[in-house]
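The following exercises are to be worked with the sequence and the coordinates at hand. Each task is followed by a solution in steps.

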Amino acid sequence: MKRIAVLTSGGDAPGMNAAIRAVVRKAISEGMEVYGINHGYAGMVSGDIFPIGSRGVGDKISRGGTFLYSARFPEFAQLEGQLAGIEQLKKHGIEGVVVIGGDGSYHGAMRLTEHGFPAVGIPGTIDNDIAGTDYTIGFDTAVNTAVEAIDKLRDTSSSHGRTFVIEVMGRNAGDIALWAGIASGADQIIVPEEEFDIKKVVATIDDDFINKGKNHHIIVLAEGVMSGDQFAQKLKEAGNTSDLRVTNLGHILRGGSPTARDRVIASWMGAHAVELLKEGRGGLAVGIHNEELVESPILGTAEEGALFSLTDDGKIVVNNPHKARLDFAALNLSLSR
């Protein structure tokens, strides 16, 4: 394989640029040419493809976001979109693709491989919700950003004796809430993977202020549960009378310079993806498990360790889906009381 391409797709995540840099420079060191694809699969279909040299990724390792831009392109799920993208790949002489993104991005990589274009997926999302890896690129940075914000909100919460509901991103996963909540000493963490009793939440707030003499109460809420405003309304309906405020950290968690850990993981995964393509291997997703690199088939059976399977009617099934560390919820409960 002499010419490969790299793209980013789905939501942006700190560390994506570090992964792109690793792909480009590792490929060049292996005697390969590299092309960048702007705007993910949408750019592939439209032909927004250009060569990248080593200097083209200079000073990118410390930058957040993705300089290749990202876009959601549901049309690529259809055969027509896939064939249009492949036509552009052929036009540019590209023989393999590195795809950096989440589940939807992996589905595109799977389809490319099925059509004879080996593709390798790299997990890039702050949500940390992708099967086949313990950690995704961007998760560590997002958690650190959340912790910094929560620490500041605690200061103002203490000054006014308030209860703060702090909503964090994570899609349907509670990882960011759990990690940021523990690291910031949150009083309660609410995640979608675990049921909660709103009356017990209110009772805990009252106990802190009335019986324990606390001057603040911090609740970290994962967006997959409900919005912060909706949760605050439920608190009031359940009898909460504390001075209540809601803060949604929102997309701030996606931005900023990546942490050292995210830069190293991204570089490690990016270089390994190139090694796989050099061997002519595609349809794989790179991950990290027990601090070692692993690769999993994107499509296949659960017994084969594949991330996804197809039903008889063509629906995609996630094998061994990611699970949040609910033992961390128990840990925080024991530390916050």
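**Exercise 1.** In which helix is D207 found? Determine also its exposure and its contacts in this predicted model.

*Solution.*
Step 1. D207 belongs to helix 7, which covers residues 198-211.
Step 2. The relative accessibility of D207 is 23%. Buried requires under 20% and exposed over 50%, so D207, at 23%, is classed as partly exposed.
Step 3. When residues up to four places away in sequence are set aside, D207 touches K212 and R337. R337 lies 130 residues from D207 along the chain, with 9.9 Å between the two C-alpha atoms.
Step 4. The side chain of D207 also forms a polar contact of 2.8 Å with the side chain of N211.

**Exercise 2.** Is S157 buried or exposed? Locate the residue and list its contacts beyond four places in sequence.

*Solution.*
Step 1. S157 is part of helix 5, residues 139-160.
Step 2. Its relative accessible area is 0%. The limit for a buried residue is under 20%, and S157 is therefore buried.
Step 3. Beyond its neighbours within four places in sequence, S157 contacts R162, F164, N215, H216, H217 and I218.

**Exercise 3.** Which polar partners does the side chain of H322 have, and in what setting?

*Solution.*
Step 1. H322 is placed in the loop that runs between strand 13 (316-318) and helix 10 (326-336).
Step 2. With a relative accessibility of 23%, H322 counts as partly exposed.
Step 3. Outside the four places on either side in sequence, H322 touches N128, D129, I130, A131 and D175.
Step 4. Two of these residues are polar partners: the H322 side chain reaches the backbone oxygen of N128 at 3.0 Å, and a polar contact of 2.9 Å links it to the side chain of D175.
Step 5. For M110, 212 residues away along the chain, the C-alpha separation from H322 is 19 Å.

**Exercise 4.** Describe the overall fold in terms of secondary structure, compactness and burial.

*Solution.*
Step 1. The protein has 10 helices and 13 strands.
Step 2. Its radius of gyration is 22 Å, close to the 20 Å given by the globule rule for 337 residues, so the protein is as compact as a globular protein of that length.
Step 3. Of the 337 residues, 52% count as buried.
Step 4. Among contacts between residues at least 6 apart in sequence, 70% join residues at least 24 apart.

Methods:
Residues are numbered from 1 along each chain as its sequence is written. This is a predicted model: local features need pLDDT of at least 70, side-chain atom pairs count only at pLDDT 80 or more; totals for chains, interfaces and linings use all residues. Side-chain values use heavy atoms; hydrogens and water are left out. Helices (H or I, at least four residues) and strands (E, at least two) are DSSP runs, numbered from the N terminus. The radius of gyration is taken over C-alpha atoms; the globule rule is 2.2 Å times the number of residues to the power 0.38. Buried means under 20% relative accessible area, exposed over 50%, partly exposed in between (1.4 Å probe, protein chains only). Contact means heavy atoms within 4.5 Å. A polar contact is a pair of N or O atoms within 3.5 Å; within protein, one must be able to donate a hydrogen and the other to accept it, and residues adjacent in sequence count only if both atoms are side-chain atoms.
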